[in-house]
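Visitor: Could you walk me through this one? I'd like to poke at some local details.

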Amino acid sequence: MEAIVYEEFGGPEVLRHTTGVAVPEPGPGEVRVRVAAVGLNPVDWKRRHGWVEEYYPTTFPAVPGLEFAGTVDGLGEGVTGLAVGDEVLGWTKTGAYAEYALAGIVAPKPAGLSWEAAASLPVAGETAQRVLDLIGVRRGETLFLHGAAGVVGSVGVQLAVAAGITVVGSASESNHAYLRELGAIPVTYGEGLADRVRAAAPDGVDAVFDAAGHGVLPVAIELLGGTEAAKERIATIADADAEKHGIVFSGDLGDPEAVRAGLTAHARAAAAGTLAVRLADTFPLKEAARAQELSESGHVRGKLILIP
């Protein structure tokens, strides 16, 4: 089958397009999917560099990619509620940059949802919901979301606003209109961030979601009063130095059934037009290296999608 493979850590040049990878066979509880679209995430190139081995250990040869949308092609022993031909979205166990992939957690793709939109949902939706739950932000509270215009951040904004939470979101000036459309109060990055957040939320913030990194955790701790207890209401998905600050780095999927239920709900919301991921561009699978290079440049507004 067609796939992207890498056998060592390095730059985008280590990614190799091949048609010689064996089609995987589904084991107990697994589903084989013919992939229609792949969501590209920053963790894909961070893993390629070997930067996140502590959280996502790599076994070579490796196929990148966490999320996909596609059609059920085969069922392992014990799988119920699915049939060959069903359209689904979810997480892969074998790497999504491929013509076929194995998955353990999938949800139905609504008929009105495009393949590209479906493939953009699993990681962003699950990550955003997991972090919001972890920091315990509730209706009537105020959340500071650092990196609010990114894919995960923007989904976090939408989920929080829908739950009755006031969101102050950091982003570049060019993304402020977008954040206002999502219902957030935008502030700019950089020196003086804490003062700008205080001005936007004069009654203070109750929790912080760091979706961008870049050393914002000391600012987050300051905004919540600098106490040890305050750190329990801060979480990051982007700062590998989180432990040094006493902050939780959230990177693992939650309970599979809860994850599946959340994905189903997010897919329905996306089909209904109440949850959206901004799409930036699509690439054929063979151009995965170019797509990752673009993602790593930091100059992408929205989700990059690969099409096998």
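Visitor: Which side chain does the side chain of Glu141 make a polar contact with?
Guide: Bear in mind that this is a predicted model. Glu141 is found in the loop between α3 (122-134) and β7 (142-146). Leaving aside neighbours within four places in sequence, Glu141 is in contact with Gly136, Ile165, Thr166, Asp206 and Arg233. The polar contact, side chain to side chain at 2.8 Å, is with Arg233.

Visitor: Is Glu141 buried or exposed?
Guide: The cut-off for buried is under 20% relative accessible area. Glu141 has a relative accessible area of 11%, so this residue counts as buried.

Visitor: Thr166 turned up among those contacts. Where is Thr166 found?
Guide: Looking from its own side, Thr166 touches Glu141, Thr142, Leu143 and Ile185, not counting residues up to four places away in sequence. Its C-alpha atom and that of Gly183, 17 residues apart along the chain, are separated by 8.4 Å. As for the element, Thr166 sits in residues 166-170, strand β8.

Visitor: And is Thr166 buried, exposed or partly exposed?
Guide: Buried needs under 20% and exposed needs over 50%. With a relative accessible area of 38%, Thr166 lies in between, so the class is partly exposed.

Visitor: What about Ser250: which side chain does its side chain make a polar contact with?
Guide: Ser250 has its place in the loop between β12 (248-249) and α8 (256-272). It is at 10% relative accessibility, so Ser250 counts as buried. Not counting residues up to four places away in sequence, Ser250 touches Arg130, Val131, Leu134, Thr236 and Ile237. Of these, the polar partner, at 2.7 Å, is Arg130.

Visitor: Let's go for the greasy part. Which helix gives the most to the largest nonpolar core?
Guide: That core has 50 residues, and the ones touching the most other members are Leu121, Leu143, Val167, Leu179 and Phe209. The top contributor gives six residues and spans 151-162: helix α4.

Visitor: Which residues is Leu179 in contact with, leaving aside its neighbours within four places in sequence?
Guide: Leu179 is one of the core residues that touch the most other members. With sequence neighbours within four places set aside, its contacts are Ala148, Ala149, Gly169, Ser170, Ala171, Ala184 and Pro186.

Visitor: How many residues are in the other core?
Guide: It lies apart from the largest one, and its members include Phe68, Ala288, Leu304 and Leu306. The count for this other core is 25 residues.

Visitor: Any odd backbone geometry? Which two residues does a cis peptide bond join?
Guide: Most peptide bonds are trans, so a cis one is worth a look. Here omega is about -5 degrees. One partner, Pro61, has its place in the loop between α1 (42-49) and β4 (67-75). The pair joined by the cis bond is Phe60 and Pro61.

Visitor: Which residue has a positive phi although it is not a glycine?
Guide: Most residues other than glycine have a negative phi. This one has a phi of about 60 degrees and is placed in the loop between β10 (207-210) and α7 (217-223). At 77% relative accessibility, it counts as exposed. The residue is His214.

Visitor: How far apart are the C-alpha atoms of Gly213 and Ala238?
Guide: Gly213 lies in the loop between β10 and α7, and its relative accessible area is 0%, so Gly213 is buried. Not counting residues up to four places away in sequence, Gly213 touches His146, Ala238 and Asp239. Although Gly213 and Ala238 are 25 residues apart along the chain, their C-alpha atoms are separated by 4.7 Å.

Visitor: And what separates the C-alpha atoms of Val300 and Glu2?
Guide: Val300 is found in the loop between α9 (288-297) and β14 (303-307), and it is partly exposed, with a relative accessible area of 23%. Val300 touches Ala280, Leu294 and Ser295, not counting residues up to four places away in sequence. Along the chain, Val300 and Glu2 are 298 residues apart, and their C-alpha atoms are separated by 26 Å.

Visitor: Last one, on pockets. What volume does the second largest pocket have?
Guide: Of the 15 residues that line it, the closest to its centre are Arg47, Ala62, Val63, Lys93 and Gly95. By class, the lining has six nonpolar, six polar and three charged residues. The volume of this second largest pocket is about 240 Å³.

Conventions. Residues numbered from 1 in each chain as written. Predicted model: local features only at pLDDT ≥ 70, side-chain atom pairs only at ≥ 80, totals over all residues. Heavy atoms only, no water. 1 Å grid on protein atoms, 1.4 Å probe; cavity = no way out; pocket = protein on both sides within 12 Å on 5 of 7 lines; lining within 4 Å. Points joined across faces, edges and corners; volume = space filled by probe spheres on them. Nonpolar A, V, L, I, M, F, W, Y, C, P; charged D, E, K, R; others polar. Core = buried A, V, L, I, M, F, W, Y, C linked by side-chain atoms within 4.5 Å. Buried < 20%, exposed > 50% of the residue type's maximum accessible area, 1.4 Å probe, protein only. Helix = DSSP H or I, 4+ residues; strand = E, 2+ residues; numbered from the N terminus. Contact = heavy atoms within 4.5 Å. Polar contact = N/O pair within 3.5 Å; in protein donor to acceptor, adjacent residues only side chain to side chain.
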